[in-house]
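Let's take a look at how two helices pack in this model, and then at one of its pockets.

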Amino acid sequence: MKSIKFPKMFSSVSTNIVTDRDATYNNLYILLKSEMGELFGDPYFGINLKRYIFEQNNSILRDILVDEIYNQIKVFMPQLTVTRKDITLTSDKAKIYAHIKCINKLDFTNNTYNLVLYEE
């Protein structure tokens, strides 16, 4: 598996191509940072984070967002095996973090991805 490394792809004259675990991380990062409907070719790619970000912070909204993340990973990242209980969201001041434990089917390793979903 290969991926283009974001956001540093325009900082040099050559395109930064990454493989394997880094490619999976980049694809997951792009999936979770994209807003649903934002990608021209596939309107179902991404999560609706902006829709929930200014609502009251309660456990129901957190569960809805975890469900969206779980469904998007199942649909758009078949190389990862993840269960819903392995996705946790935490917040610290103006940041929202996603912690995802999964099995990468490319090399059958257990991986934990820690991503910043939102930062002010």
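This is a predicted model. Start with the helix pair: α1 and α3 (residues 59-76) pack at an angle of about 130°, and their axes are 11 Å apart. At that angle α1 counts as oblique to α3, because the oblique class takes whatever is left once angles under 35 degrees, over 145 and from 65 to 115 are set aside. As for handedness, α1 passes α3 in a right-handed crossing.

Which residues meet where α1 touches α3? From α1 come Leu28, Leu31 and Leu32, and they meet Ile69, Gln72, Ile73 and Phe76 of α3. Sorted by class, this contact of α1 with α3 has six nonpolar residues and one polar, with no charged residues.

Now for the second largest pocket, which has a volume of about 160 Å³. Its lining includes Leu32, Lys33, Ser34, Glu35 and Glu38, along with Ile47, Leu49, Lys50 and Ile53, and also Leu117 and Tyr118. Leu32 is thus a name to watch: this α1 residue takes part in the meeting with α3, and Leu32 also lines the second largest pocket.

Here are the elements that each supply at least two residues of that lining:

| Element | Residue range |
|---|---|
| α1 | residues 20-33 |
| α2 | residues 49-53 |
| β6 | residues 109-119 |

Which element gives the most to the lining of the second largest pocket? That would be α2, with three residues. By class, the pocket lining has six nonpolar residues, one polar and four charged. So charged residues appear in the pocket lining, while the contact of α1 with α3 has none.

Methods: Residues numbered from 1 in each chain as written. Predicted model: local features only at pLDDT ≥ 70, side-chain atom pairs only at ≥ 80, totals over all residues. Heavy atoms only, no water. 1 Å grid on protein atoms, 1.4 Å probe; cavity = no way out; pocket = protein on both sides within 12 Å on 5 of 7 lines; lining within 4 Å. Points joined across faces, edges and corners; volume = space filled by probe spheres on them. Helix = DSSP H or I, 4+ residues; strand = E, 2+ residues; numbered from the N terminus. Nonpolar A, V, L, I, M, F, W, Y, C, P; charged D, E, K, R; others polar. Axes fitted to C-alpha atoms, helices over the stretch in contact; angles between N-to-C directions. Left-handed = near helix turned anticlockwise from the far one by under 90°. Contact = heavy atoms within 4.5 Å.
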